[in-house]
Structure formats: structure tokens, C-alpha cells
Amino acid sequence: MDMETNTELNAFERRLLDEFQRDFPLTPSPYAELGRRLGVGEAHVIETLSRLQAQGLVSRIGAVVTPHRAGWSTLAAMSVPDDRLDDVAALVNGHPGVNHNYERDHALNLWFVVTGADRGGVADILADIEERTGLPVLDLPLEEAYRLDLGFSLQWN
Amino acid sequence: MELSALDRFLLARLADGLPITSRPYADLATSLGLGEEEVIARVGALIRDGTIRRFGVIVRHRELGYRANAMVVWDAPADRVDAAGRQLAELPYVTLAYRRPRRPPVWPYNLFCMIHGRDRGTVHDLVEEASNAAGLSDLPRAILFSQRCFKQRGARYDASAAPAMAFGAAS
């Protein structure tokens, strides 16, 4: 999906992506409610959201949990030799507690978020990754949140 | 605050996303052995008490053309970092702003934010603007653009405690 394709999204699709990032309806048929607000039927909403998800534009209809409210999480960073990066990234992804994992252009080139039931569970995962890769893992837990995830305002051009 | 086992199950189940079906809460409820109204009420309660920060469509910004995704970091002194963090948080293009520990000598930075743009030039301009707006332009800084994304999905805080069937409907 490139920028050209992105601009091909129609007005209805853009509104679906933009206007329901927060306060998703807590009613038995929320997609019918979205349809009412956008002037289309429930089936059209469900079809379109399913397709946007299949195309990779929508990750999910999700709940973003406030950090450290339902467990523990940390941001971890590693410096991985280039020829090992794919293997180490796959090993890191093998832990179900890892939910974001990015290569970044820095000496510390692998950055991932680890979540667990508690602080000890997260520490165990970091220790396991260190042991299995032989590489140090930086543990950078949140100390203060100035801005949490409130959604992503899309600029269409 | 302690979450109940039920709330943990529910959050674990929601990590894969609300089903995109006509009666999604009823579908969730079935997999948890609850009633539809109970699931709706629990999600509402978790939003009101602040456990769920936001509930709704989560887009993949990369796929929407936001190709330049930067983690921007500064080494900010203790007496300036919180004020600067709050100023960063006010900027519309800053999606996250956090303070985290330094790990010298390899990692000297303690103030983090995320800035997404359609290209790197745009992001570099925004970083300059943000640095000035938050009074950070005199401080050491780094911009870490993301290259490959190896994984992006919802947090699973307590996957081991959730019933196995709860993960059957992953998208």
C-alpha cells in the first residue's frame, strides 16, 4: 500500500478510519451504530472494515491499556550485528509478551515492547532473550507519561 | 489497582481486537462464558476507571502512507525534563511522550517522543519545531527512524491466564 493507493480511499473509508479511534460504541450492534452516523447500513460497515483490515490499513478494533494498569511493560533495546538481525528479531517475536518490534537506524538497532503479568515476568523474558542471544538487552521502563496513545489523526494530503 | 481475573481475561481477549461482526460483544461473551450485557458493562467500567485508555479503530500508520516514523529522544536535565515533556505532549503531531531511564554510556537519553510523517524531511522539520517549542534545542538529541517492522499488535498482559479458546478468532 503506497501513498497513491492511500489517496484512493473514498470519503466513507477515510471517515471510518478517522472518526472511530476513540469512544467506540458500547451497544450490542456497534457497527450498525457507525453505519447510522455515516449514513450507510451495518453490512457495508462490516464489509469495509474487514477489507481495510485484510489490506493491513486497520490493525484491529482495539483497547489501548494504560501502561502498568493491567500488568507491567517495558521498552527494550538491543544492539544486534546486521547478519543476526533477522534471527534475533524472530527470537524476540517468539515471546507472546512482545507486541511491537522495530528495527531502527541507530547503534541500538532493535527496539521492542515487552508486556507481562508483572514486573518479574517481564524481567524473565528480557533475561531469556539475553541468555539465548548472548547480547545485552537495555530495559527502559516508563517513568512518566506526558502523552499516552490517543489515536492518530490522519492528514489525507 | 488490582484487576479481577475476569477483567484480565477480557483484556487478553480484546488484545486481538473486537470481532468485526454484527454482535461482537455477544461473540466475545460466548468465548468468555459471560452474557453480552456483562461484557459491554465490563468494557465500559474499564474505560471509566482509566484501565482502557482508548477503545476504537487502531490504524496502521505505515500502511496509510506515514512512512517516516521517528522515535525522538533528548538528554534533558532533571529540572527541565517534565516541563519539556508536557510541552511536547501538547503538539498535535506528537503521538506519545514519555520519560524513561538513561543507561549510560550506551544510552544517554531520558525524554522520548514519537513523531510520524509521510517522509523524513517532514519529520526532520517537525523535530526542529518540537525542539524549539519544548525548549530542548540546546540539548543532545537523536532521531531513530524505524526501518523494518517485525511486529505490531495489541498488548497481551496476561496471555498465560487466558483460556486457549480466547485466541481462536485472531484476525
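A residue is called buried if 20 or more other C-beta atoms lie within 10 Å of its own, exposed if 12 or fewer, and partly exposed in between, with C-beta atoms placed from the backbone. By that count, 41% of the 171 residues of chain B are buried. This is a predicted model, in which local features need pLDDT of at least 70 and side-chain atom pairs count only at pLDDT 80 or more, while totals for chains, interfaces and linings use all residues. Residues are numbered from 1 along each chain as its sequence is written, and chains are lettered from A and ligands numbered from 1 in the order in which they are written.

**Make-up of chain B**

- Chain B holds 5 helices and 5 strands; helices (H or I, at least four residues) and strands (E, at least two) are DSSP runs, numbered from the N terminus.
- Read from the N terminus, the order of elements in chain B is α-α-α-β-β-α-β-β-α-β.
- Two residues are in contact if their C-beta atoms, placed from the backbone, lie within 7 Å.
- Of the contacts in chain B between residues at least 6 apart in sequence, 64% link residues at least 24 apart.

**Strand β2 of chain B and its partners**

- Strand β2(B), residues 68-74, has 6 of its 7 residues buried.
- Two strands are said to pair if DSSP finds at least two bridges between them.
- β2(B) runs antiparallel to β4(B), residues 111-117, and 7 bridges join the two.
- Within that pairing, Asn69(B) has His116(B) of β4(B) as its bridge partner.
- β2(B) is also joined to β5(B), residues 141-152, by 5 bridges, again antiparallel.
- Here Ala70(B) sits opposite Phe145(B) of β5(B).
- In a regular strand, side chains alternate between the two faces of the sheet.

**Where chains A and B meet**

- Chain A contributes 70 residues to the contact and chain B contributes 72.
- On the side of chain A that touches chain B, strand β1(A), residues 58-65, supplies the largest share, with 8 residues.
- That side of chain A is made up of 36 nonpolar, 21 polar and 13 charged residues; Ala, Val, Leu, Ile, Met, Phe, Trp, Tyr, Cys and Pro count as nonpolar, Asp, Glu, Lys and Arg as charged, and the others, Gly among them, as polar.
- β1(A) is joined to β1(B), residues 52-59, by 7 bridges, and the two run antiparallel.
- In this pair, Ile61(A) stands opposite Val57(B).
- Another pairing between the chains joins β3(A), residues 98-104, to β5(B) over 4 bridges in the antiparallel sense.
- Opposite Arg104(A) in β5(B) is Ser146(B).

**Helix α3 of chain A**

- Pro30(A), Tyr31(A) and Leu34(A) are the buried residues of α3(A).
- Viewed down the helix axis, these residues fall within an arc of 100°, so they line one face of α3(A); the arc is that of the directions from the helix axis to the C-beta atoms.
- The cover over the buried residues of α3(A) includes α4(A), residues 42-54, and α2(B), residues 24-32.
- Gly39(A), just after α3(A), has a positive phi of about 75°.

**Val88 of chain A**

- Val88(A) belongs to helix α5(A), residues 85-93.
- Val88(A) counts as buried because 20 other C-beta atoms lie within 10 Å.
- Apart from neighbours within four places in sequence, Val88(A) contacts Met78(A), Val80(A), Leu110(A) and Thr133(A).
- Thr115(A) is 27 residues from Val88(A) in sequence and 18 Å away in space, C-alpha to C-alpha.

**Backbone points to check in the loops**

- The peptide bond from Pro104(B) to Pro105(B) is cis, with omega near 5°.
- Pro105(B) is in the loop between β3(B), residues 94-99, and β4(B).
- Asp23(A), a residue other than glycine, has a positive phi near 55°.
- Asp23(A) lies in the loop between α2(A), residues 11-19, and α3(A), residues 30-38.
- Asp23(A) is exposed because it has 12 C-beta neighbours inside 10 Å.
- His68(A), also other than glycine, has a positive phi near 70°.
- His68(A) is in the loop between β1(A) and β2(A), residues 72-78.
- With 14 other C-beta atoms within 10 Å, His68(A) is partly exposed.
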